[in-house]
Amino acid sequence: FIISLFLAIFAYFFGWFRSIISPFIAIMRSTPVAALIVILILLIGTKLTPIFITLFVIVPLAYENIYS
């Protein structure tokens with residue numbers, strides 16, 4: 001939530017920041033979570049995968065809700 005809050009504040013005050021971060025938010029929202037789980041388990045193991053999945057799902061949703 002805090003990451004999303006800072007991203008939304010920067011995007012609100014700096015238009016160039018919003019134009020930079022918008023494609024990344026769109027990619028995060030459109031990537032299937034099931035595919036991401038498999039890739040992350042292979043790359044980083046099972047201990048950190050739930051943290052990254054949670055961030056990958058929550059950050060774009062919270063960012064868009066805070067920004068709007």
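In this predicted model, a polar atom of the Ser4 side chain lies 3.1 Å from the backbone oxygen of Val59. Ser4 is found in helix α1. With a relative accessibility of 0%, Ser4 counts as buried, because the cut-off for that class is under 20%. The surroundings of Ser4 were examined next. Neighbours within four places in sequence were left aside. On that basis, Ser4 is in contact with Ile58, Val59, Ala62, Tyr63 and Ile66.

Val59 and Tyr63 also belong to the largest nonpolar core. This core has nine residues. The other members are Leu7, Ala8, Ala11, Phe17, Ile21, Ile25 and Met28. Three helices each supply at least two residues of the core: α1 (2-13), α2 (15-30) and α4 (49-67). The largest share, four residues, comes from α2. Ile25 is one of the core residues. Apart from neighbours within four places in sequence, Ile25 is in contact with Pro60, Tyr63 and Glu64. Tyr63 thus appears in the contacts of Ser4 and in those of Ile25.

Aromatic rings were considered next. The structure holds six aromatic pairs. Phe10 and Phe14 form a stacked pair, with 6.1 Å from centre to centre and 25 degrees between the planes. Phe10 has 41% relative accessibility and counts as partly exposed. Phe14, at 36%, is also partly exposed. The rings of Trp16 and Phe17 are arranged in another way: their planes stand at 90 degrees and their centres are 6.1 Å apart, so this pair is edge-to-face. Trp16 counts as exposed, at 54% relative accessibility. Phe17 counts as buried, at 18%. Ring pairs link Phe10, Phe14, Trp16 and Phe17 into a cluster. Of these residues, Phe17 is also listed in the largest nonpolar core.

The chain as a whole was then described. The protein chain has four helices and zero strands. Along the sequence, the pattern reads α-α-α-α. The C-alpha atoms fill a box of roughly 40 × 20 × 15 Å, taken along the principal axes. Among the contacts with a separation of 6 or more, 68% join residues 24 or more positions apart. The chain has 68 residues, and buried residues make up 24% of them. About 4,900 Å² of the protein chain is exposed. Carbon and sulfur atoms supply 78% of that area.

Terms used. Residues numbered from 1 in each chain as written. Predicted model: local features only at pLDDT ≥ 70, side-chain atom pairs only at ≥ 80, totals over all residues. Heavy atoms only, no water. Core = buried A, V, L, I, M, F, W, Y, C linked by side-chain atoms within 4.5 Å. Buried < 20%, exposed > 50% of the residue type's maximum accessible area, 1.4 Å probe, protein only. Contact = heavy atoms within 4.5 Å. Polar contact = N/O pair within 3.5 Å; in protein donor to acceptor, adjacent residues only side chain to side chain. Areas by Shrake-Rupley, 256 points an atom, 1.4 Å probe, with all protein chains shown as cover. Phe/Tyr/Trp six-rings, centres within 6.5 Å; stacked < 30°, edge-to-face > 60°.
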